[in-house]
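Trainee: Got a minute to go through this one with me? I'd like to start with the packing and then move on to the cysteines.

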Amino acid sequence: MKKRTSLLAISLLLWFCSMAQPCTVPDSFFPDDTVVVCAGTTYQLNAPVVPGATYIWSSTEAGNSITVNVNGKYWVDISDGVCMRTDTIVILFNSFLLSPVIDNLKLCKGQPARPLPVSGQSLLWYTDAMGGAGNAVLPVPSTADTGHITYWFSQTIRGCESPRLPMEV
């Protein structure tokens, strides 16, 4: 009887192991812990597609993606019937971008122009405070005559363009 019980236990164990499925849900879903997005826009959070899985978001929505438009900490639980995993992400809608660092510049008539004193990321310059198309190639002011000109500069960080600041030359 003891041998028969052991054989039955081993058979059940082998059957159970053969029936067990591996977990198909990845360990993490979001490549970054925090994402900064331009204010006034929306952002779509996408979890990986796992066939047959169920998705429950912190917003109580279901499905593998949600669209958000407010700052927050979002998470999603994904279950494939074998295991359940959770990942979290923080979305920040940036309403305040720093403008580039600018100093006014004085040049002398007939002298070579010096580089414009502006620094920032992905700089654009404009001839007006509003409207127009930005140019990424910094202008070279003329020193052929006296006078002044105003250039307007912005910088773009993570796809969001800052307000423009003037530079008097």
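**Packing, loops and cysteines**

Mentor: Sure. Start at Tyr 55: leaving out residues up to four places away in sequence, Tyr 55 touches Ala 47, Pro 48, Val 49, Val 50, Glu 61, Ala 62, Gly 63, Asn 64, Val 76, Asp 77 and Ile 78. Keep in mind that this is a predicted model.

Trainee: Which residues have the most contacts inside the largest nonpolar core?

Mentor: Leu 45, Tyr 55, Trp 57, Val 76, Ile 78 and Ile 91, in a core of 20 residues. Strands S1 (34–38), S3 (54–57), S4 (65–68), S5 (72–79) and S6 (84–94) each put at least two residues into this core. Another core, of ten residues, lies apart from it, and its members include Ile 102, Leu 105, Val 118 and Trp 125.

Trainee: Switching to backbone angles. What's up with phi of Thr 60?

Mentor: Phi is near 70 degrees there, positive in a residue that isn't glycine. Most non-glycine residues have a negative phi. Thr 60 sits in the loop between S3 and S4.

Trainee: And is Thr 60 buried or exposed?

Mentor: Exposed, because its relative accessible area is 68%, and the cut-off for exposed is over 50%. Ser 122 also has a positive phi, near 45 degrees. Ser 122 is in the loop between S8 (118–119) and S9 (123–126), and is exposed at 53%.

Trainee: OK, cysteines. How many disulfides are found in the whole structure?

Mentor: Two. One joins Cys 23 to Cys 83, with an S to S distance of 1.6 Å. Those two are 60 residues apart, Cys 23 in the loop between helix H1 (2–19) and S1, Cys 83 in the loop between S5 and S6.

Trainee: Which cysteines form the disulfide with sulfur atoms 1.9 Å apart?

Mentor: Cys 38 and Cys 160. The link is left-handed, with -120 degrees about the S-S bond. Cys 38 is in strand S1 and Cys 160 in strand S11 (residues 160–161), 122 residues apart.

Trainee: Why does Cys 38 count as buried?

Mentor: Because its relative accessibility is 19%, and buried means under 20%. Cys 160 is buried too, at 5%. In the other pair, Cys 83 is buried at 17%, while Cys 23 counts as partly exposed at 28%.

Trainee: What's the pairing if you number the bonded cysteines in sequence order?

Mentor: It's 1-3, 2-4.

Trainee: Last one: what does Ala 113 touch?

Mentor: Leu 107, Val 140, Pro 141 and Thr 143, again not counting residues up to four places away in sequence. Ala 113 and Thr 143 are 30 residues apart in sequence, yet 6.5 Å apart in space, C-alpha to C-alpha.

Technical notes
Residues are numbered from 1 along each chain as its sequence is written. This is a predicted model: local features need pLDDT of at least 70, side-chain atom pairs count only at pLDDT 80 or more; totals for chains, interfaces and linings use all residues. Side-chain values use heavy atoms; hydrogens and water are left out. A nonpolar core is a set of buried Ala, Val, Leu, Ile, Met, Phe, Trp, Tyr and Cys residues joined through side-chain atoms within 4.5 Å. Buried means under 20% relative accessible area, exposed over 50%, partly exposed in between (1.4 Å probe, protein chains only). Helices (H or I, at least four residues) and strands (E, at least two) are DSSP runs, numbered from the N terminus. Contact means heavy atoms within 4.5 Å. A disulfide is a pair of cysteine sulfur atoms within 2.5 Å.
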